[in-house]
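Biologist: Got a minute to walk me through this one? I'd like to go over the helix packing, then the chains.

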Amino acid sequence: MASRLAKRLGGLVIVMFIVAAIVFFLTRLAPGDPAALMLGDQATADDIARLRTTYGLDRPLFIQFGLWLAEVVKGNLGHSIFLQRPVTQALLERAEPTFFLALFALAFATLIGIPCGIASAVWRGRLVDQILSAIAMLSASIPSFWLGLLFIQFFAVRLGWLPVAGYGDPGAPLAERLAHLILPATVLGIVNSALIVRFTRASMLDVLGEDFIRTARAKGISERRVVLRHAFGNALVPIVTVVGLTGALLIGGAIVTETVFGLPGIGNLIVSSVLRRDYPVIQGALIVVAGIYVIINIAVDLIYALVDPRVRT
Amino acid sequence: MLGFGLFLRRLFRRRIVLIGALILLVLIVVALAAPWISPFDPNAVRVARRLRPPSAVNWFGTDEYGRDVLSRIIYGSRASLGIGASVVMMSVACGTLLGILAGYFRRLDGPIMRVIDAFMALPDILLAIFLVAVLGASATNVVLALAIVYTPRVARVVRASTLVVRELPFVEAARALGVSTWRIMSVHVLLNVTSPVLVQATFIFAYAVLAEAGLSFLGAGVPQEVPTWGTMIAASQSFSDQAIWLVVFPGLAIVLAALSLQLVGDGLRDMLDPKLRKSL
């Protein structure tokens, strides 16, 4: 277990180093002087020259990368001139809506995905299976922003059941803020449930064909217990993986959903930073998001080993 | 090799795959025949007829400039499907090359796969908006950005198949006969990785159509003057209170395209991957 963890952490460091290099060098491909971009239109030539020296932008590119990377390792993701604050602080301030959005969406996707996948596998080839599989494929073909716009029109504007957009007034109680997440989390959950349905179905089908299931049935154990305990228990490993993967995918999905619903989260911050070319924020956000993705992957891998003793070697 | 007739018969054994393929065919024909079948000029502004709901004249209604929504969707299919197809071609070409190199040459495997892992650690849409931000918003750059996003997926699949094919006796036999490495890679290995690539390509087409729409919606995609399904929704969202059809119809076009592609991809996968066939 320890050697597995060490190996995975070693892989993490390499992948994150390459992510940092991609992010850094691609940003430098952007047209225009980064110093001029950071300072905006009002900057004088003197200001730009001063900033270039301060940030080491007049030095060779590889040295700049080294200096930047050293700061990133220390947790300093740079400073956003536009937001007038360090990137880390800007990201932390926006973390709450994104975290709860991803969490609720994942819970929603899992709660509908797993039962649908089990039902699909149990009644394989029947009408239920065909309908559920068709719905799963449909949900993966719907653009989340479009579903979001339709939900806003229907549930918020026409019926008035839920808030249209935003995250409540600043300082609003948590319950009120969370009420703003119901629609976006539902949309994000629906769009991301397909993968869970498919994987649950496939791994349940694999297990349901095993000999020990036949034995359990032969012993007269109720079908309900066979499916939910014997089969589902053994199908859990791939399901855990896919739930983890979906969690990682949700980070990307949150970017679009937050924009549709005007949620002041990290996704929204990234989109506005892209539109105003606030590169320190974009770079910082990409590094953080990639880090979360890689860590989720490792966590899934370790849970895998905990759930299934066969993988533990 | 399968005969084409047998290929189609197997592919369409499931009715739903046939339906998907027919929808896809209709969408492609519509895109190609746009100038002949479109009822109006997609850019003709008629202010007197602005924001009209669907009617016998304008089946899908009119937008804020009085332009016919159906005609714009028909022309939009050219851009949306064209971008999707270009993304597929670029990512398949680059991904196959990288995948075969990584799978065939052990020394290249580590470096190539680590870079691919790094690209895959960034969520698709996030990497795409970052690339478009760096490259500049235009249809060409959207294609380039999405091709970079999806190349790693193809490369992973191709590498996995190459690793298997490389060890097969016929490759060893070819090597023993003195066939050059280049020829083994470009003929023997390439032919044997086509099936998984074909499946992957269909799914990437679907994802690319969805991603293009998402990018346009975020304002980091194709410029709004170009009618694509995504830019149509993005441009009309502020009118969605009074003219919901402006959002509904282009969105349905995206859903139909993505759904039909995924149905066909699913059918291809079931047919070409014998391991999966038993779970059907």
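**Helix packing and chain contacts**

Modeller: Sure. Helix α6 (residues 124-135) of chain B and helix α7 (residues 139-166) of chain B have axes that come within 9 Å and cross at roughly 140°. Keep in mind that this is a predicted model.

Biologist: So what do you call the arrangement of α6(B) and α7(B)?

Modeller: Oblique: angles over 145 degrees count as roughly antiparallel, and the crossing is roughly 140°, so α6(B) and α7(B) are oblique to each other.

Biologist: Is the crossing of α6(B) and α7(B) left-handed or right-handed?

Modeller: Right-handed, for α6(B) and α7(B).

Biologist: And which residues make the contact?

Modeller: From α6(B) you have B:Asp124, B:Leu127, B:Ala128, B:Leu131, B:Val132 and B:Leu135. On the α7(B) side the residues are B:Asn141, B:Val142, B:Leu144, B:Ala145, B:Leu146, B:Ile148 and B:Val149.

Biologist: How does the contact of α6(B) with α7(B) split by class?

Modeller: The contact of α6(B) with α7(B) has 11 nonpolar residues, one polar and one charged.

Biologist: OK, another pair in chain B. At what angle do α11 and α12 of chain B pack?

Modeller: About 160°, for helix α11 (residues 229-236) of chain B against helix α12 (residues 245-272) of chain B, and their axes are 9 Å apart. That makes α11(B) and α12(B) roughly antiparallel to each other.

Biologist: What about handedness, is α11(B) passing α12(B) in a left-handed or a right-handed crossing?

Modeller: Left-handed, for α11(B) passing α12(B). The contact is made by B:Trp229, B:Met232, B:Ile233 and B:Ser236 of α11(B). Facing them from α12(B) are B:Leu246, B:Val247, B:Pro250, B:Gly251, B:Ala253 and B:Ile254.

Biologist: How many charged residues are in the contact of α11(B) with α12(B)?

Modeller: None; the contact of α11(B) with α12(B) has eight nonpolar and two polar residues.

Biologist: Zooming out, how many helices and strands are there in chain B?

Modeller: Chain B has 13 helices and zero strands. Along its principal axes, the C-alpha trace of chain B spans about 75 × 45 × 30 Å.

Biologist: And what share of chain B is buried?

Modeller: Buried residues are 48% of the 280 residues in chain B. If you take the chain B contacts with a separation of 6 or more, 69% of them are between residues 24 or more positions apart.

Biologist: Switching to chain A. How many helices and strands does chain A have?

Modeller: Chain A has 14 helices and two strands. The C-alpha trace of chain A spans about 85 × 55 × 35 Å along its principal axes, and 40% of the 313 residues of chain A count as buried.

Biologist: What about sequence separation in the chain A contacts?

Modeller: Among contacts in chain A between residues at least 6 apart in sequence, 72% join residues at least 24 apart.

Biologist: Any helix pair in chain A to look at? How far apart are the axes of α6 and α10 of chain A?

Modeller: 6 Å, with helix α6 (residues 95-122) of chain A and helix α10 (residues 182-208) of chain A packing at about 35°. α6(A) passes α10(A) in a right-handed crossing. The residues of the contact of α6(A) with α10(A) are 19 nonpolar, nine polar and one charged.

Biologist: Which domains does the assignment give for chain A?

Modeller: The domain assignment of chain A gives domain 1 (2-73) and domain 2 (87-312). The C-alpha centres of domain 1 and domain 2 of chain A lie 32 Å apart.

Biologist: How many residues are in contact between domain 1 and domain 2 of chain A?

Modeller: 14 residues of domain 1 of chain A are in contact with 12 residues of domain 2 of chain A. On the domain 1 side of chain A, α1 (2-29) and α2 (34-39) of chain A are the elements that give two or more residues. α1(A) gives the most to that side, with 11 residues.

Biologist: Last topic, how many residues does the contact take from chain A and from chain B?

Modeller: 42 residues from chain A and 37 residues from chain B. α1(A) gives the most to the side of chain A that touches chain B, with eight residues. The residues of that side of chain A divide into 35 nonpolar, five polar and two charged.

Technical notes:
Residues numbered from 1 in each chain as written. Chains lettered and ligands numbered in written order. Predicted model: local features only at pLDDT ≥ 70, side-chain atom pairs only at ≥ 80, totals over all residues. Axes fitted to C-alpha atoms, helices over the stretch in contact; angles between N-to-C directions. Helix = DSSP H or I, 4+ residues; strand = E, 2+ residues; numbered from the N terminus. Parallel < 35°, antiparallel > 145°, perpendicular 65-115°, else oblique. Left-handed = near helix turned anticlockwise from the far one by under 90°. Contact = placed C-beta atoms within 7 Å. Nonpolar A, V, L, I, M, F, W, Y, C, P; charged D, E, K, R; others polar. Domains from an automatic or database assignment. Buried ≥ 20, exposed ≤ 12 C-beta atoms within 10 Å, placed from the backbone.
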